[in-house]
Amino acid sequence: MNPVKVINHKHNIITPDWPAPDYVNAFVTTRSSFQDSTASDAVSTGYDFFNTALHVNDDTEKVLHNRQTLAEHLNVQNSNITWLEQVHGTDIIRSETSHSSRPAPIADACTSSTQNHVCTIMTADCLPVLFCKVTHNKIEQKVAAAHAGWRGLADGILSKTLSDFSQPESVIAWLGPAISQEHFEVGQEVYDAFISQNPKNKAAFDTSPNTRADKPKWLASLTQLAKIELHEKGIKAIYGGNFCTYKQSYLFYSYRRDGAQSGRMASLIMISE
């Protein structure tokens, strides 16, 4: 993994390495985004850095301050950033009008065709997937962000998000930071859920060294599962997938590593003016 190519060191944010149109603005926060310290200094657990989630018992005022910082960086109103209550489901919301951030709409994906309205996904091991339509026709501009944990992937969150786009062959996707296969151990029920849907999903699983004859364990690749589904839906241009939230503790929060004291990164995408 070589994060240097896509990290904006001025703000400690990750920008997708994909051929999106110039009007698409997208990035992912890290634990030390917009802080005085460098990413390599952010080694402790907890909420002491740039957490964007209100639901993890962090200090509310600090989180709201972080969200306001994001709005200022994007040069949009705070109310133009769509924050979701993510439930590992497949509901989608469209970010087209300004709204209050609380209560957050219950959904796991967001799309937008409106300038300066930001689709946002929060993660701490699950896979954030950003989409944009490659077109220079302003009428057809569209972006989306999806929250793809294993439950959402198994239930089709990516396919449902893509259904909001016309002409999937004109859509490109970027896979953000997520837990890597070597650190994501799952049970037989997860393996069965994917293999029953598509035998090709076997390529995303390896046997865990902790497996037993009476209790099989698997190492699952969220990025590979996402790539398989996206290819099945006609998406040929897929980028990213090179960061591990569990291993790269200096950059990312990880729920599986840090437990209840884990904050959340934000993956944001918008159509700029």
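Here is a short tour of a predicted model, going from one sheet to a helix and then to three loop residues.

**Stop 1: the sheet.** Start by colouring the open sheet of six strands, which has the order S5-S6-S9-S8-S10-S14 and mixed pairing. At the edges you'll find S5 (92-94) and S14 (237-240); each has a single partner strand, so one side of each is left without a neighbour in the sheet. Look at the twist while you're here: on average, neighbouring strands are turned by 20° against each other, direction ignored.

**Stop 2: strand S8.** Now select residues 127-133, which make up S8. How many of the seven residues of S8 are buried? Seven of the seven, so the strand is largely enclosed by the rest of the structure. Show the side chains and check both faces: Leu127, Val129, Phe131 and Lys133 are buried on one side, and Pro128, Leu130 and Cys132 are buried on the other.

**Stop 3: the partners of S8.** Add S9 (residues 143-148), which runs antiparallel to S8 and is joined to it by six bridges. Two pairs to pick out are Val129 with its bridge partner Ala146, and Leu127 standing opposite Ala148. Then bring in S10 (171-175), which pairs with S8 in the antiparallel sense over five bridges. Here, Lys133 of S8 has Val171 as its bridge partner.

**Stop 4: the helix across the sheet.** Select 222-232 to get helix H5, which lies across S8, S9, S10 and S14. Line H5 up with S10 and you'll see the helix running at about 170° to that strand.

**Stop 5: Asp125.** Step back to the loop between S7 (118-123) and S8, where Asp125 sits. Its phi is positive, about 135°, although Asp125 is not a glycine. Buried or exposed? Asp125 counts as buried, at 8% relative accessibility.

**Stop 6: Arg264.** Next, go to the loop between helix H6 (255-258) and strand S15 (265-271) and pick Arg264. This arginine is buried yet has no salt bridge; Asp125 from the last stop is the nearest side chain of opposite charge, 8.0 Å away. Show what Arg264 touches further off in the sequence, including Phe50, Asn51, His55, Met122, Tyr253 and Tyr255.

**Stop 7: Asn75.** Finish in the loop between helix H1 (60-74) and strand S4 (81-82), where you'll find Asn75. Asn75 is another non-glycine residue with a positive phi, near 60°. Turn on the surface to see Asn75 exposed, with a relative accessible area of 68%.

Terms used
Residues numbered from 1 in each chain as written. Predicted model: local features only at pLDDT ≥ 70, side-chain atom pairs only at ≥ 80, totals over all residues. Heavy atoms only, no water. Pairing = 2+ DSSP bridges. Helix = DSSP H or I, 4+ residues; strand = E, 2+ residues; numbered from the N terminus. Axes fitted to C-alpha atoms, helices over the stretch in contact; angles between N-to-C directions. Contact = heavy atoms within 4.5 Å. Buried < 20%, exposed > 50% of the residue type's maximum accessible area, 1.4 Å probe, protein only. Lys, Arg positive; Asp, Glu negative; His and termini not counted. Salt bridge = Lys/Arg side-chain N within 4 Å of Asp/Glu carboxyl O. Lists of a residue's contacts leave out its neighbours within four places in sequence.
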